[in-house]
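I opened a fresh notebook page for this one. Here is what I looked up, entry by entry.

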Amino acid sequence: MSVVRPRRTAAIAGAVAALAGALLLAGCVSSPGSTASTAAAAAGKPVSGGSLTYGVETEPATLNPQLNGQDKARVTLRNGYDNLFAVTDSGKVEAWLASGYTVAADEKTYTVTLRHGVTFWDGEAFNAAAVVKNIDEVLNPKYDAFGAAGPFSNVKSVTAAGDYTVVFTLKGVYSPFLITLANLPIISPNSYSKADVKAGGPDIAGTGPFILQSYTRGQDLVFVKNPKYNWAPATAQHTGPAYLDKVTVRFLPEASVRVGALQSGQVNVIEGVPGTSAALFKNNPGYRYISALNTGTPYSLYFNTKFGPSADIRVREAVRDAVDLNAIINSVYAGQRTRAWSAVSPEDPYFFDKAVVNTYGANPAAANKLLDAAGWTGPRENGYRTNSHGQVLKIVEYQDTNYVRDSRDVLLQAIQAQVKQTAGIDFDVQEVDDGTASTHLANGTYGTFDNSNTDPDGVDIAYHWLPAAAGGFINLAQASDPQLGKWIAAAQSTSDIAARAADYDALQQYVIDTKAYSLPLYEPADQIAAASDVHGLSFRTYFQIPESEYDVWIGK
Amino acid sequence: MSTVEAEGAAAAAAAPDEGRRRGRLAVAQAVARRLIGALLVLWAAATAAFLAVYAAPGNTAYILLGTSERSPQAVAAVTAQWHLDRPLVTQYVDYVTGLLHGNFGTSYALNAPVAQVIFSQLGPSLQLALAGAVVAVGLALLSSVATAGRPWPSKIANAVEVVLVSLPEFWVAILLLFGISFRLGWFPIAGAYGFPSLVLPALALGLGICGMLSQLLRNGIELSLEEPYSLTARARGVSDLSLRLRHSVRHAALPVIHLTGYIVGGLLGGVVIVEQVFSRPGIGQTTLNAVNSKDLPVVLGVALLGSFAYVVISTIVDILAFLIDPRLRFANRRL
């Protein structure tokens, strides 16, 4: 259910970011809080009270947490809506709204017991009937067209076996089920009959540490403390109600505006700090700065293996060899981003395969040799290689303007320039509107397509490497090797972590080293910067996206 | 035209009542014609917007689903949910029928009625546009009255205005943000939290238009100051300031009234950019997001609202001009 969909407007945002970056670097901005005394203030004992203003990049498209697929909106909605389980960094599920679970020997039946005494903001009780209602609705295509077709489609039935016990029966063994269930926010059964159930809002009640009080579209969301909250997950740093009385989430889509808002003290915390601004907060005693790599799959270029020159493995390998990614990424992101090597995030505790690191790239001589062998030996046209039919070695990348963030346009342009210089490849990066990109995607008429996604626990691997008809919704390489499906099926049908890891390792070596289906670029990360008096900020364990403000308090 | 003018003048001179009656009739006819024209323009705008949006590339279902969830089942479900598979004509007829019933449809991306989405965003945008207009007109009056006919001040003001007209709004917005909000902290950085948060966006929006208006006004005032009636007024002992304010500005303002369409267009376009930079809620942000996510009902609603505003304002201006300036009634019956 994760779609990285930050809002932005290409031309304005790009120009704004560039100008802001220039002004920031020129030292036009002073940092009011950057004194040694503020930094020296010790964290001390958490204090209750106060209000916090959080500047976020993304305004949720819908405030209903079950229907919202934006990773970047989760930091906001997490304040109001709890899940059945929390997940530790090692991938273990811990009690939250659920008090425990058991799995039957056939691994198809999960019995989940629920915590007593939990209530939604609207006064409804949290119990087995509420959970069953939630799952039934998620599986109803009229309510949730995405969810009904996603990982929850593995659920055959869900029933209440008592007031506080729910039994899930799966269609087959599906090992990512617990993580999938843990990732589902729960809303009150009454919410489904509200007129604005799809748009979300204060009417859609959760059990979270904060109550959604008001929403001003395009401006802010206001959460107030839920005084009854007494069901924090084991992964939280305290129990009982939240420390803060009020959290105002302000939507500041422009990175330069977020940075300026924090520096001028108009907000306490921001997320999404551009690489060029990280230095303003890092090692600056007036601020805190933390960052974490995302889970799922890195930001990668997927070669179309069914269309154009990239159908030839020698061309795919040549593109990878023609580019020196370490140098480009360091230069574009001022050393603030982590280069990726594989089809799985290095953040994944089990499934990242280190064996593919340093196995390709930065070898122009090899790239040229491969292209010569592949027949791209005709006279150069404007510096680009041609073949015996006079065709230019052209690979078109359609970069969807809606998904461009974090200077990814600059990154691809740098690659474009380098592969022309080192190997005569015309890597044609075209930034296009959503409609044009989706049309090329649907028709398969692209050379490469870029993507990053965050679903953990191997769910993302299935999305990328199964055939489209079998659930490979983002199989951008159009890989159809039956072997890929076998590894994924084997990994999904066992709960033995070592066996699953072996399958996924084999898959990574195959798609990266054997077939060169993709060129992993860098691992997306989330960043949080805050004034030094804000304590308790963290990333959500395992999922590595900014955590709610439950543990946050304002001290000195 | 000269015949009509002569006729009108003769009739007015010969029979004042008959002249007034004919004048009123001309006004009524012109107003009726203008109103019918306005309705036709609205219909044409709605149709053009519909066709443009329909012709834009891409499958709406794919866009709504994003890249992750593009399974055949999900595509089928979304297509069915929003009736995306109906033929163009059916969609058009439904759309126009809906409009006649005051139903603008439901936003795909926000899952809320379009009328609700737009009207909830109208207030902040109107505030901003009005404040921008006040800045533009106020500063233009100040600058033109103070500098017209004075060689050095007028040269300096002229240079500043040329710069203001040439600068894009987002650049002005960023300079204001960095200079005044980030550095000096005088005004809030973003949002619509009362008057202080309106100041910088209104300046960013109004300064460019102000540059153009003050050049026009200054030119008019300078011409007026050279007229014999100005000399007469001075001879009567009217002070320079009073002469400028009471007489010259009036004359100079006439061409400005006819530029109202340009000003409104500038304000509507500018609002989109200024709202984005200042993270203000409003129609501009809503429109950009709707265009990016191919949220057709919202795009159509905004296009219709924009043409409605434009048509209403230009109709009012035309009618006002017709009422204010008697020459128009006789000189140009076909308004």
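How do helix 7 of chain B and helix 9 of chain B lie to each other? I found that they are oblique to each other, a label for angles that are not under 35 degrees (roughly parallel), over 145 (roughly antiparallel) or 65 to 115 (roughly perpendicular).

**Ground rules.** I am reading a predicted model, where local features need pLDDT of at least 70, side-chain atom pairs count only at pLDDT 80 or more, and totals for chains, interfaces and linings use all residues. Residues are numbered from 1 along each chain as its sequence is written, while chains are lettered from A and ligands numbered from 1 in the order in which they are written.

**Helices 7 and 9, chain B.** Helix 7 covers residues 151-166; helices here are DSSP runs (H or I, at least four residues), numbered from the N terminus. I noted an angle of about 140° with helix 9 of chain B, and axes 7 Å apart. Axes are lines fitted to C-alpha atoms over the stretch in contact, and angles run from 0 to 180 degrees between N-to-C directions. The crossing is left-handed, meaning that the near helix is turned anticlockwise from the far one by less than a right angle (clockwise would be right-handed). Among the residues in contact (C-beta atoms, placed from the backbone, within 7 Å), I picked out B:Ala157 and B:Leu164 of helix 7 and B:Gly208 and B:Arg218 of helix 9. By class, I have six nonpolar, six polar and two charged residues. Nonpolar takes in Ala, Val, Leu, Ile, Met, Phe, Trp, Tyr, Cys and Pro, charged takes in Asp, Glu, Lys and Arg, and the others, Gly among them, are polar.

**Helices 6 and 9, chain B.** Helix 6 (residues 114-147) packs on helix 9 (residues 196-225) at about 40°, with axes 6 Å apart. This pair is therefore oblique too, and its crossing is right-handed. The contact has 20 nonpolar, seven polar and one charged residue.

**Helix 5, chain B.** I checked the span of residues 88-100: 13 residues at 1.5 Å each should give 18 Å, and the end C-alpha atoms are 18 Å apart, so the two agree. The expected span is 1.5 Å times one less than the number of residues. After helix 5 comes B:Gly102, with a positive phi near 75°.

**Confidence.** Chain A averages a pLDDT (the predictor's confidence in each residue, from 0 to 100) of 88. For chain B the mean is 81. Residues 1-42 of chain A stay under 50, as do residues 1-6 of chain B. Where pLDDT is low, the predicted coordinates should not be read in detail. I also copied down ipTM 0.71 and pTM 0.78.

Note on methods. Two residues are in contact if their C-beta atoms, placed from the backbone, lie within 7 Å. Helices (H or I, at least four residues) and strands (E, at least two) are DSSP runs, numbered from the N terminus.
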